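Dear colleague,

Please find the structure below, together with its sequence. I would be grateful if you read the notes with both open.

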There are 2 protein chains.
Amino acid sequence: MAGVEHEVTRNKQVTLKHYVSGFPKESDMNVVTSSISLNVPQGSKDTPLNGFGVAKVVDSTHPNYEKGDLVWGFTGWEEYSLVTAPEVLIKIQHIDVPLSYYAGILGMPGMTAYGGFYEVCSPKKGEYVYVSAASGAVGQLVGQFAKLVGCYVVGSAGSKEKVNLLTSKFGFDGAFNYKEEPDLDAALKRYFPEGIDIYFENVGGKMLDAVLLNMRLRGRIAVCGMISQYNLDKPEGVHNLMQVVGKRIRLEGFGASDYYHLYSKYTDFVIPFIKEGKINYVEDVAEGIESAPAALVGLFSGKNIGKQLVVVDCK
Amino acid sequence: MAGVEHEVTRNKQVTLKHYVSGFPKESDMNVVTSSISLNVPQGSKDTPLNGFGVAKVVDSTHPNYEKGDLVWGFTGWEEYSLVTAPEVLIKIQHIDVPLSYYAGILGMPGMTAYGGFYEVCSPKKGEYVYVSAASGAVGQLVGQFAKLVGCYVVGSAGSKEKVNLLTSKFGFDGAFNYKEEPDLDAALKRYFPEGIDIYFENVGGKMLDAVLLNMRLRGRIAVCGMISQYNLDKPEGVHNLMQVVGKRIRLEGFGASDYYHLYSKYTDFVIPFIKEGKINYVEDVAEGIESAPAALVGLFSGKNIGKQLVVVDCK
């Protein structure tokens, strides 16, 4: 490799100042500017945060990837990333849909909704489905998938605007603002007088306790996340777990990566629905990597509406 | 039916004086003596407690049952019961084993252990299995079934005598007294340095929280019961449920009745082991229906060693 001319460019990155416990603040993060060689190999000075993104290959020594390829997968919060394990990236095959969809409906959140709902929950027509954080990156899809199966689906979210989206844009049969319900058990009994067959769990804590009281016999709870608990020093206690015995409830944790082997089956399934406008996907787009810290912080107060994206302006 | 001569006999029953919340006391129950006709039909004055028992048919108008048949199933806590729905009874086919086994290893507790361990947990050779309340009616069987599969199995119980039974009589690889462990998480880490694949849950509360911290990827928790929680006004909170997401844990409630269709398969499986002495079953026998209230109360303080039975002296 000696003698290879390296193109060096500016590389803005989002880094953590220190280990963060509790709720992250913008001031916990830095947006730093370093430089990076656009040829493999090179080294990076700071370690940025990481997450799922959509990217274009600018250089590759791996036989499966070449310059210009579009990929999605686990990347750094930076303008340019050196990827040393390219098997964490999936090549983008369909470019007749918005590329941002590969960070959402056609990426990790899409696989989360697909695997979690169809594989973990085994839904049947006519079943009663409840989705929390229902307007989020995953929840909005679970609701629409549930309608495709012929389920009755109700979602909850944290603002009037989000609640309206659930019924107007995503076809939920009902929706409520959990912040306006002092008694979550009573709210669920209103929307599910017959009880809940499937709960797609995104929030944890008090909501899970209320749901357990309203589950039906042989109900399923797919645990995708528990965002209400992530930033607490000590997670809230869940008191109603005894319900799982009498009601034969199955509660199961999962992640999108468990279902990546189904990815092409999923895209074959979902892309036609996207093109026909039968499945909608709402994104909340922040512009520029400098906006990433605020976008992350906003997730925990529910500021985003739909899938939170950050557009990094890379050439 | 007019003109049929009715044989009337004394019938001792255990009844509740009032609705009981919290831990039951002997003084919450009465042992009453009423009379009952031994011919069908008749009516009973008081409603006794009910539970699983072994009985002999003294009269029947149902074509599947005749006088002298031995049965097990859901019966009253009384010397004689009128059974109006005989489909809750199973006829005893094998009488070359102790009849009391049909209230234990060959009855509901046996089906609980069999269904809960083999069907819910899908154990594989070499997996790490933990059983709480391990010397009880169900736990002692789960441990022995786990050894048959080739699992490593550790149990916990609440006295030195019970802990000794686990390793000496039931073949557990390890055992500990949970009452002597101020830090359950540390105790589990000692016995399961590699973590737990399968937890057979009988107790709930703090134990479940400690187990969640020690579960392995794709671990399974079969929730049979949560005896530590039954008599609390408000169940303890379980704080570590977030573990189910990252570790893809499946937590599932079940009951013996889910598996009664496997009953003859189970007896074919287990009776040879019983006869060869390869599976042991320890019973704690109280004599006479008058001892039933104390026997029930003793369950909640762990006074019993093995399956608690009450022998009702009926002719």
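The notes below cover the pairing of the chains, one helix and one annotated span.

This is a predicted model, in which local features need pLDDT of at least 70, side-chain atom pairs count only at pLDDT 80 or more, and totals for chains, interfaces and linings use all residues. Residues are numbered from 1 along each chain as its sequence is written, chains are lettered from A and ligands numbered from 1 in the order written, and side-chain values use heavy atoms, without hydrogens and water.

A turn of 180° with a shift of 0.0 Å along the axis lays chain B on chain A, with an RMSD of 0.0 Å (least squares on the C-alpha atoms of residues with pLDDT of at least 70 in both). The two copies are therefore related as by a two-fold rotation axis. In chain B, the C-alpha of B:G237 is nearest the axis, 1.9 Å from it. Both copies use the same surface: 97% of the contact residues of chain B (heavy atoms within 4.5 Å) recur in chain A.

Helix α3 of chain B spans residues 160–168, and B:K162, B:V163, B:L165 and B:L166 are buried there (under 20% relative accessible area, with exposed over 50%, partly exposed in between, 1.4 Å probe, protein chains only). These residues lie on the same side of α3(B), because they cover an arc of only 155° around the axis (from the directions from the helix axis to the C-beta atoms). On the other side of α3(B), B:K160, B:E161 and B:S168 are exposed. The buried residues of α3(B) pack against β7 (152–157) and β8 (174–177) of chain B. Helices (H or I, at least four residues) and strands (E, at least two) are DSSP runs, numbered from the N terminus.

In chain A, the end C-alpha atoms of residues 137–264 lie 20 Å apart, and the span is 34% helix and 23% strand.

Yours sincerely
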